There are 2 protein chains.
Amino acid sequence: MSVTRGINRLLRNVKKSVNISERQVLALAYQPNVNDFEPNGPRVVTDIPGPRSKQLIEQLDQIQNVGAVHFFCDYDNSHGNYLADVDGNVMLDLFTQISSVPLGYNHPALINAVSKPENLSTFVNRPALGVYPPADWVSRLQNTLVSVAPPGMNHVQTMACGTCSVEHGMKAVFMKFMSDARGGMPPSQEALESCIINKAPGSPSLSFLSFNNSFHGRTMGALACSHSKWLHKLDFPVPDWPIVRFPNLKYPLEENVVENRTEESKILEEVEDKIDEYNKKGQTVAGIIVEPVQCEGGDKFATPYFFQGLRDITNKRGMGFIIDEVQTGCGATGKFWAHEHFNLTDSPDIVSFSKKMLTGGFYKKVTFKPKEGHRIFNTWVGDPSKIALLEEVVKVIREDNLLDSVKVTGEYLMSGLFNMQSKYPGILSNTRGLGTLCAIDFNTTDNRDKAMADLRKKGVHTGACGPTSLRFRTTLLFKTKHVDVFMERFDDVLSQLNK
Amino acid sequence: MSVTRGINRLLRNVKKSVNISERQVLALAYQPNVNDFEPNGPRVVTDIPGPRSKQLIEQLDQIQNVGAVHFFCDYDNSHGNYLADVDGNVMLDLFTQISSVPLGYNHPALINAVSKPENLSTFVNRPALGVYPPADWVSRLQNTLVSVAPPGMNHVQTMACGTCSVEHGMKAVFMKFMSDARGGMPPSQEALESCIINKAPGSPSLSFLSFNNSFHGRTMGALACSHSKWLHKLDFPVPDWPIVRFPNLKYPLEENVVENRTEESKILEEVEDKIDEYNKKGQTVAGIIVEPVQCEGGDKFATPYFFQGLRDITNKRGMGFIIDEVQTGCGATGKFWAHEHFNLTDSPDIVSFSKKMLTGGFYKKVTFKPKEGHRIFNTWVGDPSKIALLEEVVKVIREDNLLDSVKVTGEYLMSGLFNMQSKYPGILSNTRGLGTLCAIDFNTTDNRDKAMADLRKKGVHTGACGPTSLRFRTTLLFKTKHVDVFMERFDDVLSQLNK
């Protein structure tokens, strides 16, 4: 690839003239604007997966299950919004590692973060953060997580991944709920002893309410609140906790206000009924967990009215309210946190994050701060090297006005999708989205899957969700020119589909 | 500190003479043997935590609970076995970030891993490994995790942390158990649908057997198998799963063979009874999870006979057997995996790891490989940048014969502890250990805590476990000279304690 050849030539020339490391030349080479390194468009030279990917998949199969592997990537040669694979194909990436790449591939700012001498020991020495934090930990937290905290929340706990963030957020809710139940008094000796052997009163029979189609993670507590696919759930003994339908709304939301309001009001009633039912049978409901947009479950949107209703119910009943922003946070909706679109009169109690944030973790209201140390804890509780990267991400989002840019691109993308929906009414429906976090439905799963396969043949890599949806999960650097590259190929692909 | 001054001078001089980056000079500066950078001994200049640490703790308290924070560290100026804090104190570190630092602080090989140009994109671009692995992923796995796999286990799954490793290991057991129960036939439609809403048959009423005092993690499934401290457990609704006493053996093990055998035989019977009891009440026991040494619970050792017994019971009953090596793996016992000391006639089904391995994950027998993709999965399933670091760790362990070195140091440490135990018989007892993974008991919790506080005043940082134990969790580079530094101060401290 010409970019690689260019870098290699630069490397040789510069190394000749001064005594300098390859690494330093690479860092220099990457310094110019990332756009200079982005290809002008996709390039497809083999089937995807190609022969080299297939060979590697076969080798990996000797070590672990490869059923989910699409292809092997060449990250050295991936740039901006373009992902390269090991067979020399270069794809416009609309799925970005399951929505976890904020600034595209090999962004100069992130290369800078890894290359800075003052960050070296941060990448080399991973501390037990909860016990022996590094000297710059407070200032790093302030520059990153605290500086972008959702309104009303200035306490934050780092974690290693999304699932752990959700689980520990749930634990913060359970602790607060039981502390309130004790009227703030210390736990009894009986509670302290019985909890060790998983018995009441120390291990109380509490539950969490979640929604159909939701996805919150894969360890036992988070998995008990996830209800999207059997692949995540089959054979695992999760507790029988309350589940309520998620609103099934008509899109566009603003054209179906009355009908949608009726649906959401009905579901809010069902939530109350379900809480009463579980409380009565002794599995007291301590909290509600919800995604601002149900992503894995099919990009299902609800309105601010619904989320305000959940906040009101939990406040009224002294329950905790978790908004899980693992997939929706970090700017993809045009606001830093998706739930900022809801104008809640009182902020959620816990907001979990991961993916684009590069670190897992959760925000909490100060009232949900545990009383003792070691309650929300593990060996690493996160990784300062991820915060060093996040520091650059937050800076670039600010300096390059990426939230505004996401709004512009999002509107352009949505308007393109509406055009396609008009052009192919038998195939497409339900264009919906916030910022670039958009989706569109196909008339059948087969058509959705065929469109995705055909798009890949044209060098556009996309992601599915739910049974018939295509979801857009781009970087924050996705611009209108990238939308054009996609839309041209999308039109082509749609014109070949059966209605 | 003189090391810093030295580096700064080097930096200035070298920068004068050639056009070179600070980072490159730093890398050069660190190249010589790590021992050249280790101080000759501890240096204590303030109380610990000192004024700067206290100030930072106060600041961090505005962001999160700080109850577990000991002091803030200066990782730039920590070297080898010596940990520096932000107040200029330098401590010999016998606890190493809760046993998670394999090669000490700022080891040249790890600095090299971060600095290598060919690793740059690995640190910058974190992939969704289960779907889009990098080109070098198979070879990296082969160089690292596969090359040090426990006997009989060549399948491995990476994860982000120890808890997730345990949870997903348990899930692998649940899946295998249910697949066997179906006679290998595909699940019924009813199972596929019911699992989504947490109901049988898709969500079966299975359980896992664990031991008193054990610690396996903090998310709901792993937490249900952990029974060491109320701080981990109180207020969390974990399932009522079977728990059996862990053997309470007499040390030294080799001098109490008959008595210990009786105790272990009795417990193996209790295990069988407990399985029958839970099977009968419909919470079928799918597996057993055990640590090779109960670390958090008080460094409790059992003999190969006991572990062989557990392997036999689980094999006989078609149950899964997990050995949790999160704290014991990666060479601390003088073998790469602690359970290699047990000479099991058949390997465990799952071995979980994290901490010193720098990445979480678990080994599994090929029969525990899931049939479908996405069954053991999450967005990141680990982090290739941690594997890039592990690659260096494994190389150094091999090239520097660190397993042999750990045996030598371990024997020297144990013999020193036995001396102290003879000198202070009213205070110390139960010296025990494998390699440098050693512990000793105090007569009272107060004396243990006072000894640790006094040791810290003398610049030796240690870790506690259980109610009265001091545990040794050193780096793999801990040598006899470091034992001498510790033992001299330990003797001093013990001579001041009340019996």
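**Figure 1. The start of helix α15 in chain A, with Asp383(A) and Ser385(A) in view.** In this predicted model, a side-chain oxygen of Asp383(A) comes to within 3.0 Å of the backbone nitrogen of Ser385(A), right where α15(A) begins. The helix itself covers residues 384-399, and its 16 residues reach 23 Å from the first C-alpha to the last, close to the 22 Å expected at 1.5 Å a residue. Of those 16 residues, 13 are buried, so α15(A) is largely enclosed by the rest of the structure. Just past the helix, look for Asn401(A), which takes a positive phi of about 50°.

**Figure 2. The contact between chain A and chain B.** Chain A brings 131 residues to this contact and chain B brings 130. Together they bury about 11,700 Å², with carbon and sulfur atoms giving 60% of that. Tyr132(A), Arg218(A) and Asp235(A) supply 7% of what chain A buries against chain B, more than any other three residues. On the polar side, the interface holds 67 residue pairs in polar contact, both partners at pLDDT 80 or more. Helix α9 (residues 162-181) of chain A gives the largest share of chain A's touching side, seven residues. Sorted by type, that side of chain A has 68 nonpolar, 40 polar and 23 charged residues.

**Figure 3. A salt bridge across the interface, Asp235(A) to Arg182(B).** The rule finds 10 salt bridges between chain A and chain B, and 68 turn up over all chains. Here, the side chains of Asp235(A) and Arg182(B) meet at 2.9 Å, N to O. Asp235(A) sits in the loop between α12 and β5 of chain A, while Arg182(B) sits in the loop between α9 and α10 of chain B. Asp235(A) is buried, at 2% relative accessible area; Arg182(B) counts as partly exposed, at 23%. With the chain letters swapped, Asp235(B) and Arg182(A) also form a salt bridge, again listed at 2.9 Å. Arg182(A) and Asp235(B) belong to a salt-bridge network with Glu372(A) and Arg375(A).

**Figure 4. Asp349(A) and Arg311(A), a salt bridge inside chain A.** The closest N and O atoms are 3.0 Å apart. The partners lie 38 residues apart: Asp349(A) is in the loop between β9 and β10, and Arg311(A) is in helix α14. Both Asp349(A) and Arg311(A) are buried.

**Figure 5. Arg245(B) and Glu263(B), a salt bridge inside chain B.** These side chains meet at 3.1 Å, N to O. Arg245(B) comes from the loop between β5 and α13, Glu263(B) from helix α13, 18 residues apart. Arg245(B) is partly exposed at 31%, whereas Glu263(B) is buried at 15%.

How values were computed
Residues are numbered from 1 along each chain as its sequence is written. Chains are lettered from A and ligands numbered from 1 in the order in which they are written. This is a predicted model: local features need pLDDT of at least 70, side-chain atom pairs count only at pLDDT 80 or more; totals for chains, interfaces and linings use all residues. Side-chain values use heavy atoms; hydrogens and water are left out. Contact means heavy atoms within 4.5 Å. Buried area is the accessible area (1.4 Å probe) that two parts lose on being put together, summed over both. A salt bridge is a side-chain nitrogen of Lys or Arg within 4 Å of a carboxyl oxygen of Asp or Glu. A polar contact is a pair of N or O atoms within 3.5 Å; within protein, one must be able to donate a hydrogen and the other to accept it, and residues adjacent in sequence count only if both atoms are side-chain atoms. Helices (H or I, at least four residues) and strands (E, at least two) are DSSP runs, numbered from the N terminus. Ala, Val, Leu, Ile, Met, Phe, Trp, Tyr, Cys and Pro count as nonpolar, Asp, Glu, Lys and Arg as charged, and the others, Gly among them, as polar. The expected span of a helix is 1.5 Å times one less than its number of residues. Buried means under 20% relative accessible area, exposed over 50%, partly exposed in between (1.4 Å probe, protein chains only).
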